[in-house]
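Biologist: Please take a close look at a single part of this model, and then follow the chain's packing outward from there. Keep the account plain, since it is meant for someone in the first year of study.

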Amino acid sequence: MSRPNLTTSIATRLVDLIRHSGLAEGAHVTEQWAADALEVSRTPVRKAMVFLTEVGILNRVPNRGFFLARGADTLTRPDLSEDTDVEQDAYFQIADDYVGGRFTGSFTAADISRRYRLTPRQADRVLARMDGEDLVRRRAGGRGWEFQHVLTTVEAHDQSYRFRMIIEPAALLEPGFAVDTEAFGRHRRQQEALLRGDILLLPRAELFQVNASFHEMLVGCSGNQFLLDAVRRQNRLRRLIEYRHQVDRSRLTHQAREHLHLLDLVEGGGIEEASAFLQDHLNKVRSLKTGLGPEA
């Protein structure tokens with residue numbers, strides 16, 4: 001199963017430590033205290049604290065150190081019951097196993113229950129969720145399940161981004177493009193919330209949805225239903241492979257800032273500049289996620 005990189009992992013543990021310690025807004029958070037409590041060296045702790053500064057959980061004061069930007073009581077995560085937590089883990093294990101080629105062919109709810117140590121009720125709920133997200137479907141006759149066609153290879157993921165680089169920038173140049181003020185405001189608040197800590201606090205699925213729906217909203221403003229349908233299909237196809245990238249959240253601050261800049265460009269009337277910026281944005285994300293390098 002995919003694991004977070006060291007910075008994300010330590011940052012997550014540090015947030016838990018801050019929350020459990022009940023620190024108030026403005027509290028001094030020292031590298032040594034965090035390193036001792038987490039039983040790691042100060043160097044990775046410092047990197048994690050810099051990341052927490054980027055997402056608005058800590059403030060960094062020159063020559064003084066790091067201070068809590070928001071009270072520990074605001075650093076809440078979704079209230080998950082024990083059953084839901086187990087199901088969430090199983091959901092991502094299934095996704096990782098499928099993308100990694102370790103889960104192939106058709107299967108039954110009993111197979112899921114046995115393989116991922118779930119009760120029959122838990123297995124049914126996990127499959128219902130995956131069915132609702134168009135990731136799996138019942139086989140003809142209702143006997144068992146099978147995965148829908150989704151992206152599972154680096155090459156297919158790369159091609160998906162190349163397709164989006166054609167469709168999404170063009171959507172901004174459609175003659176019927178018009179800013180949806182309410183939608184822009186809602187997505188601006190969501191992106192700003194990411195930079196105030198939600199990058200680290202949101203579950204993987206919700207984090208994916210926030211960013212995927214941002215792009216759908218922009219394309220939807222084109223008024224061209226065919227372009228919107230194409231982007232929605234791409235988001236469905238890439239959901240599982242994108243979940244793997246959500247385990248490393250340290251890159252997402254730059255992405256959120258670029259999303260906010262896109263909104264600024266569009267609202268300021270710089271549509272052609274926004275279109276070019278969106279293409280460049282998608283290409284940089286493509287390069288990071290597929291490792292296939294930027295366009296020549």
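Modeller: In strand β3, the residue that forms a bridge with His28 is Phe67. This is a predicted model, and that pair is a place to begin. Strand β3 covers residues 65-68, and two bridges connect β1 to this strand, with the two running antiparallel. The wider arrangement is an open sheet of three strands, ordered β1-β3-β2, with antiparallel pairing. Its edge strands are β1 (28-29) and β2 (58-61), each of which pairs on one side only.

From the sheet we can turn to the nonpolar packing. The largest nonpolar core contains 53 residues, and Leu14, Leu52, Ile57, Leu58 and Met217 have the most contacts inside it. Leu52 can serve as an example: setting aside residues up to four places away in sequence, Leu52 touches Ala11, Leu14, Val15, Ile57, Leu58 and Leu200. There is also a second, separate core, made of 27 residues, and among them are Ile112, Ala123, Leu240 and Ile241.

Next comes helix α11. This helix has 16 residues and spans 23 Å from its first C-alpha to its last, which is close to the 22 Å expected at 1.5 Å a residue. Its buried residues include Leu252, Ala256, His259, Leu263 and Val266. The buried residues of α11 pack against five helices: α3 (42-54), α7 (154-172), α8 (181-201), α9 (204-220) and α12 (271-290). Just after α11, Gly269 has a positive phi of about 90°.

One residue of this helix deserves a separate look. Leu265 lies in α11, which runs over residues 252-267. Leu265 counts as buried because its relative accessible area is 11%, and buried means under 20%. If residues up to four places away in sequence are left out, Leu265 touches Gly270, Glu273, Ala274 and Phe277. Leu265 and Phe277 are 12 residues apart along the chain, and their C-alpha atoms are separated by 9.0 Å.

A charged residue can be followed in a similar way. Glu168 sits in helix α7. With a relative accessible area of 1%, Glu168 is therefore buried by the under 20% cut-off. The side chain of Glu168 makes a polar contact of 2.7 Å with the side chain of Arg164. Another polar contact of 2.7 Å links the side chains of Glu168 and His215. Not counting residues up to four places away in sequence, Glu168 touches His215, Val219, Val231, Leu278 and Leu282.

The last stop is Gln88, which is placed in helix α4 (residues 82-99). Gln88 has a relative accessible area of 17%, so it is buried under the 20% limit. The side chains of Gln88 and Arg129 are joined by a polar contact of 2.7 Å. Apart from neighbours within four places in sequence, Gln88 is in contact with Arg129 and Pro203.

To go back over the route: the bridge between His28 and Phe67 led to the sheet ordered β1-β3-β2. After the cores came α11, whose buried residues pack against helices including α7 and α12. Glu168 in α7 and Gln88 in α4 closed the tour.

Conventions:
Residues numbered from 1 in each chain as written. Predicted model: local features only at pLDDT ≥ 70, side-chain atom pairs only at ≥ 80, totals over all residues. Heavy atoms only, no water. Core = buried A, V, L, I, M, F, W, Y, C linked by side-chain atoms within 4.5 Å. Buried < 20%, exposed > 50% of the residue type's maximum accessible area, 1.4 Å probe, protein only. Contact = heavy atoms within 4.5 Å. Helix = DSSP H or I, 4+ residues; strand = E, 2+ residues; numbered from the N terminus. Polar contact = N/O pair within 3.5 Å; in protein donor to acceptor, adjacent residues only side chain to side chain. Pairing = 2+ DSSP bridges. Expected span 1.5 Å × (residues − 1).
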